[in-house]
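Visitor: Could you walk me through this structure at an easy pace? I would like to ask a few things as we go.

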Amino acid sequence: MHRRSFLRIAPAIALLANCGKSPGKIRLALNWKPDPQFGGFYAAPYQAHGLDVEILPGGAGTPTIQMVGAGSAEFGVVSADELVVARSQGNDVVALYAVFQNNPQGIMVHASRKLASLADLFKAGGTVALQRGLPYARLLEKKYGFDKVKIVPSPGGDISAFLADKNFAQQCFIMSEPLTAKHRGADVQVFPVSDAGYNPYTTVLVTSGSFLRKDPDRAKAMVAAVREGWRAYLDDPKPTNQRMNQLNPSMAPEVFAGVADAQKPFIETDETRRNGLGSMTEERWQTLIVQLKELGDIQQAPAADDCYRAL
Amino acid sequence: MRRLRSVIPALIPLLVVTAAAELAVRYGFVKSYLVPAPSSVLRAMIESRAELFGALLTTSVSALVGFLLSTVAGIAIAVFLSSSRAIQRAFYPYAVFFQTVPIIAIAPLLVIWFGYGTRTVVASAFVVSIFPVIANTLSGILSTEPALRDLFRLYGASTLVTLFKLRFPAALPQILTGLRVASGLAVIGAIVGEFIGGQGLGSVVDVARTQQRVDKVFAAVLLASVLGLALFGLINLVSYITLRRWHASEQ
């Protein structure tokens with residue numbers, strides 16, 4: 001009796017076991033909810049490149065880069081500074097495609113304060129919501145000093161504290177929270193963090209060194225699909241936005257459209273027109289590595305040309 | 001000596017798990033960016049001792065204040081609820097609300113109500129730790145032995161006298177059980193509050209996590225559990241002092 005019931009479920013077990021390691025399945029772990037900064041990943045024609053891709057949305061604190069290193073996702077989306085820190089700790093992850101060529105992070109303030117620069121903001125006082133663990137937070141601290149302002153944790157994408165307090169400034173994605181704030185009636189001014197000299201690639205597609213060695217062809221196919229996806233999304237974000245909006249209904253459709261439009265100059269630059277969307281240079285990686293070393297984020301500096309691979 | 005010997009059984013699993021983790025990382029079975037070696041946690045603790053112990057102190061104060069508030073308020077609410085069936089029916093369901101409130105979801109609101117800093121953290125510790133105090137105190141007060149209650153009535157004792165001389169002491173073992181549960185929750189509540197409100201161990205964990213410093217995350221978590229243990233020990237001490245002469249659990 002027992003044996004027979006085992007026989008009956010044996011094929012099911014075999015099927016389950018196979019499904020885990022079926023060669024077709026590829027997981028792409030994002031570090032946030034579906035929104036326009038991932039538009040090209042949702043628009044990518046994976047099937048046309050022979051790939052079966054499952055996108056795993058993330059949230060605050062999702063350990064995306066550890067997931068990729070540990071093999072619980074074949075690909076991930078992280079920022080370049082995370083990758084450098086991970087590599088310096090022995091997590092063998094490699095960047096393949098940089099969506100944002102310029103750092104879209106910034107600090108948004110109320111325009112009524114009439115501040116002229118980041119230096120001004122840190123002199124003016126008030127509250128600044130900032131994720132202190134981020135390298136650029138320490139760079140700002142080093143450069144401008146935090147003694148005049150009160151630093152509080154970043155509320156993620158939530159802007160209610162900002163709306164409630166005129167002297168509240170918060171870290172943001174230049175093309176995201178400020179639009180939401182304007183949408184809700186605030187008069188917003190944004191200072192890009194790159195003004196302070198910190199400009200890593202962000203929203204970077206990464207994989208593990210072991211996947212790259214084991215399956216270079218599919219890594220290559222992935223990059224090609226993602227590049228086509230971004231081309232398509234830049235040209236016409238509408239159908240993809242609709243799909244992402246269904247997955248992430250908390251963001252208004254007009255915000256989806258606004259963000260997709262506002263982020264274009266960060267994604268398509270003179271450089272990508274020459275070298276292709278998503279391309280990276282050794283020089284940029286080297287600059288970042290030196291900065292992170294100076295900030296004390298890494299002890300050992302990884303080699304710049306190990307950090308990324310052009311496929 | 002007997003005390004010392006009673007600690008040994010608890011130390012054995014600690015040593016075994018620590019040694020196993022150390023070896024697993026050292027021999028490459030587990031990557032150090034996923035699980036840190038105990039030695040690197042210790043190193044992180046020593047390197048960042050000033051920051052970590054300062055944070056521990058901040059968290060301890062907030063957790064303790066939140067815990068004391070929920071002790072006082074929880075017992076007061078339970079006494080109020082025990083005064084009549086009707087009151088219990090009317091208000092107890094709202095007390096249950098405290099148990100089910102997803103603190104992580106309302107924490108951002110706490111910041112808007114109480115501002116960044118200690119008050120938000122205390123409020124968070126209070127909200128998550130009050131329910132076990134209410135529930136256990138209430139059930140303790142309500143399960144006074146009927147015979148004793150009759151005896152008090154027979155001698156014409158007032159409601160207040162009955163409460164303080166009979167119901168309350170009789171409920172003490174259950175109240176203390178509620179406090180044991182609440183003490184651990186208060187530490188969790190404080191740390192969640194600190195994620196959003198800033199400062200303390202919660203902030204250290206948040207920063208270390210962003211920096212991919214798993215060793216420092218574990219060091220901070222370890223200190224948080226030390227805090228939880230200390231609170232637990234404190235309640236056990238109170239329990240021993242108050243119950244040893246008459247209750248089976250402490251004899």
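A few questions and answers about the chains, their domains and their contact follow.

Guide: Before you start, this is a predicted model, in which local features need pLDDT of at least 70, side-chain atom pairs count only at pLDDT 80 or more, and totals for chains, interfaces and linings use all residues. Residues are numbered from 1 along each chain as its sequence is written, while chains are lettered from A and ligands numbered from 1 in the order in which they are written.

Visitor: What is the radius of gyration of chain A?

Guide: Chain A has 16 helices and 10 strands; these are DSSP runs numbered from the N terminus, with helices being H or I of at least four residues and strands being E of at least two. The globule rule (2.2 Å times the number of residues to the power 0.38, with the radius taken over C-alpha atoms) gives 19 Å for 311 residues, and the value for chain A is close to that, so chain A is as compact as a globular protein of that length. Its radius of gyration is 21 Å.

Visitor: How many of the residues of chain A, in percent, count as buried?

Guide: A residue is buried if 20 or more other C-beta atoms, placed from the backbone, lie within 10 Å of its own. Of the 311 residues of chain A, the share that counts as buried is 45%.

Visitor: Which helix of chain A supplies the largest share of the side of domain 1 that touches domain 2?

Guide: An automatic or database domain assignment divides chain A into domain 1 (19–101 + 200–307) and domain 2 (105–196). Their contact (C-beta atoms, placed from the backbone, within 7 Å) takes 10 residues from domain 1 of chain A and 9 residues from domain 2 of chain A. On the domain 1 side, helix 12 (253–262) and helix 15 (282–295) of chain A each supply at least two residues. The largest share, 4 residues, comes from helix 12 of chain A.

Visitor: And which helix gives the largest share of the side of chain B that touches chain A?

Guide: The contact takes 19 residues from chain B and 21 residues from chain A. Helix 5 (103–114), helix 8 (159–197) and helix 9 (200–210) of chain B each supply at least two residues of the chain B side. The largest share, 6 residues, comes from helix 9 of chain B.

Visitor: What ipTM does the predictor give the complex?

Guide: For chain B, pLDDT (the predictor's confidence in each residue, from 0 to 100) averages 90, and 99% of the residues score at least 70. The complex has a pTM of 0.80 and an ipTM of 0.72.

Notes
Buried ≥ 20, exposed ≤ 12 C-beta atoms within 10 Å, placed from the backbone. Contact = placed C-beta atoms within 7 Å.
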